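Trainee: I'd like a close look at how the helices of one chain pack against each other. Walk me through one crossing properly, then carry on outwards from there.

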Amino acid sequence: MLAWLTDPFQNGFTQRALLEVLVLALACGPLGVWILLYRQSYAAESISHGMLPGLVLAALAGVPLVVGAGGGVLFAAAAIALAGRDERLGGDSGVAVAVSALFGLGALLALSPEAPPRLQELLFGDLLGTSLGDIAAAAVLAVVVAGALAFAHRRLAASAFDRSAARSLGAEPARWELVLLVLLAVATTAAAPALGSLLLVALIVAPGAAALRLAGRLPAALAAAAGIAALAGVAGLVLSYHLGIAAGASVALCAAALAGAAQLRHA
Amino acid sequence: MSLVRTHDLAGGYTPGRDAIEGVSFALEAGEMAGILGPNGGGKTTLFRALLGELPQRRGTVELAGSPAYVPQTDHARLDFPVSALDVALMGAYRRTPFYRRLGRGERATAEAALERVGLADRARVRFGTLSGGQRQRVLIARALVQDARVLLLDEPLSGVDAPSAVRIESVLAELRGEGRALLVATHDVEQARRFERVLCLHRRQIAFGAPAEVLTAPVLQETYGDELVVLEGGRAAVNVGHHHH
């Protein structure tokens, strides 16, 4: 049994993949709890899908994907914010139109004759192709996210729990909502090379959903979410090795399965 | 000494459309004022103006420190993973620097506040599983931890059970005795008669003063319009069947 668990990590590339998902779990798990408490799951999905043009342009230019992810996230966030405010479209409809347009633009660029054949990698990531440089970049961004969440913990809690009284408790809800979206953008940038535009949101939202089902108090939920994200990462890599399936998709499915199991256990 | 003083306060949520206007009143230490008005009459807007949250605000507001705000209990998230003690501890957030952990002192203060509202034995219980009256008392405990000189309470007795109502009224009386100023939004005209001051509001200030002077039939009629129901014996009641927030 132990060998079944350790065999997948005999190679350097799976060891790097393991390190990458553990680093990402540190930031994505707790961030997911806040994203759910602020009811921003749709924003998480929108930003990760809308950054595809940035990833494609980075691939075309031959620069690191994390750079393209950062630019794509900024552009997507601006487009989503503008479209969401357009009263003719209406909030969610505007965001849906903007995300679809960005995703279509990304696919168009990726399928052009000049583009290298990497669309699959951009959509689903390349977890097993993680380099030490990728891990270092993800670690820096993950520490930024985890540190900021710890710094802002009380303000985030006051704003999410009781928006009407938050200011009298010293928290400005609009400011902390914005901070949370910025941290979401940073985490999305960190996770994009490994999990791609389509799968990374699973590592943010699913562990948070599971943790909020299982934990009765916020600190426990935040810690549990990091643990569940790490568990999804390890389980995903082990299953990927033994079943011969894509690593990123396996991690995303494990995260979703853990979220589903948590709902059943508490029902 | 006035702990709250406004002069010609006006404002609203969009430019050019005032939700309240002409609000001028003062509240001394140890005074409790009832704010009466119909739904949409501006009670919550007045609180938001006093909290500095109103997007458009004119006139002057003078407050003795930051006020504590006790919203209606249905404004708080019931699915949020916090215990009653966690919520009470939120009252210490403003004065605690972000880099410092909440220590034993804050915890003892929060536990004492829960004790004061009769919920010491419910401190570890998840907030969302408490009854409406208990949740209201937890929010009052949070305001106690804030230790503000001015408290704004939005319909604190609305929909609470009888034991909670008794305890809340007792705590409010104690707070008055401690020299704090309390503004209480209410629909209960009879409750307002027991306060030192009453402010009648219907998008503008209709009247402010002692209950005996303010709670007259013409003032109540002007404040509530069609929502006012006159009971046998001339007592006034307010129809709040269509209450929305």
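Mentor: Start with H3(A) and H11(A), whose crossing is right-handed; the near helix of such a pair is turned clockwise from the far one by less than a right angle, and anticlockwise would be left-handed. Bear in mind that this is a predicted model, where local features need pLDDT of at least 70 and side-chain atom pairs count only at 80 or more, while totals for chains, interfaces and linings use all residues. Residues are numbered from 1 along each chain as its sequence is written, with chains lettered from A and ligands numbered from 1 in the order in which they are written.

Back to our pair: helix H3 of chain A spans residues 41-50 and helix H11 of chain A spans 173-214, and they pack at about 70° with their axes 8 Å apart. That makes H3(A) roughly perpendicular to H11(A). (Helices are DSSP runs of H or I with at least four residues, strands E runs of at least two, numbered from the N terminus; axes are fitted to C-alpha atoms, for helices over the stretch in contact, and angles run from 0 to 180 degrees between N-to-C directions; under 35 is roughly parallel, over 145 roughly antiparallel, 65 to 115 roughly perpendicular, the rest oblique.)

Now for who touches whom, with contact meaning C-beta atoms, placed from the backbone, within 7 Å. From H3(A) you get A:Ser41, A:Ala43, A:Ala44, A:Glu45, A:Ile47, A:Ser48 and A:His49, and they meet residues of H11(A) including A:Leu181, A:Leu184, A:Ala185, A:Thr188, A:Ile204 and A:Val205. By class, that contact holds 11 nonpolar, five polar and one charged residues (nonpolar: Ala, Val, Leu, Ile, Met, Phe, Trp, Tyr, Cys, Pro; charged: Asp, Glu, Lys, Arg; polar: the others, Gly among them).

Stay on H11(A) and you run into H12(A): their axes come within 8 Å and cross at roughly 130°, so H11(A) and H12(A) are oblique to each other. H11(A) passes H12(A) in a right-handed crossing. On the H11(A) side the contact uses A:Leu203, A:Pro207, A:Gly208, A:Ala210, A:Ala211, A:Leu212 and A:Leu214, and H12(A) answers with A:Ala221, A:Ala224, A:Ala225, A:Ile228, A:Ala229 and A:Ala232. Sorted by class, the contact of H11(A) with H12(A) has 12 nonpolar residues, one polar and no charged.

Elsewhere in chain A there's another pair to look at: helix H2 (residues 12-37) and helix H8 (residues 132-151) pack at about 20°, axes 9 Å apart. That makes H2(A) roughly parallel to H8(A). H2(A) passes H8(A) in a left-handed crossing. Among the H2(A) residues in the contact are A:Arg16, A:Leu19, A:Glu20, A:Val23, A:Pro30 and A:Trp34, and among those of H8(A) are A:Leu132, A:Asp134, A:Ile135, A:Val145 and A:Leu149. The contact of H2(A) with H8(A) divides into 16 nonpolar, no polar and three charged residues.

H12(A) also brings us to the partner chain. Across the interface, 19 residues of chain A are in contact with 20 of chain B. H9 (153-161), H10 (163-166) and H12 (218-243) of chain A each supply at least two residues of the side that touches chain B. H9(A) gives the most to that side, with four residues. By class, the side of chain A that touches chain B has 11 nonpolar, four polar and four charged residues.

How far to trust the assembly? The predictor gives the complex an ipTM of 0.84 and a pTM of 0.87. For chain B, mean pLDDT is 89, and 92% of its residues reach 70 or more (pLDDT is the predictor's confidence in each residue, from 0 to 100). Confidence in chain B is lowest in strand E10 (residues 228-230), at a mean of 63, and highest in helix H2 (residues 84-89) of chain B, at 96. Where pLDDT is low, don't read the predicted coordinates in detail.

Conventions
Two residues are in contact if their C-beta atoms, placed from the backbone, lie within 7 Å.
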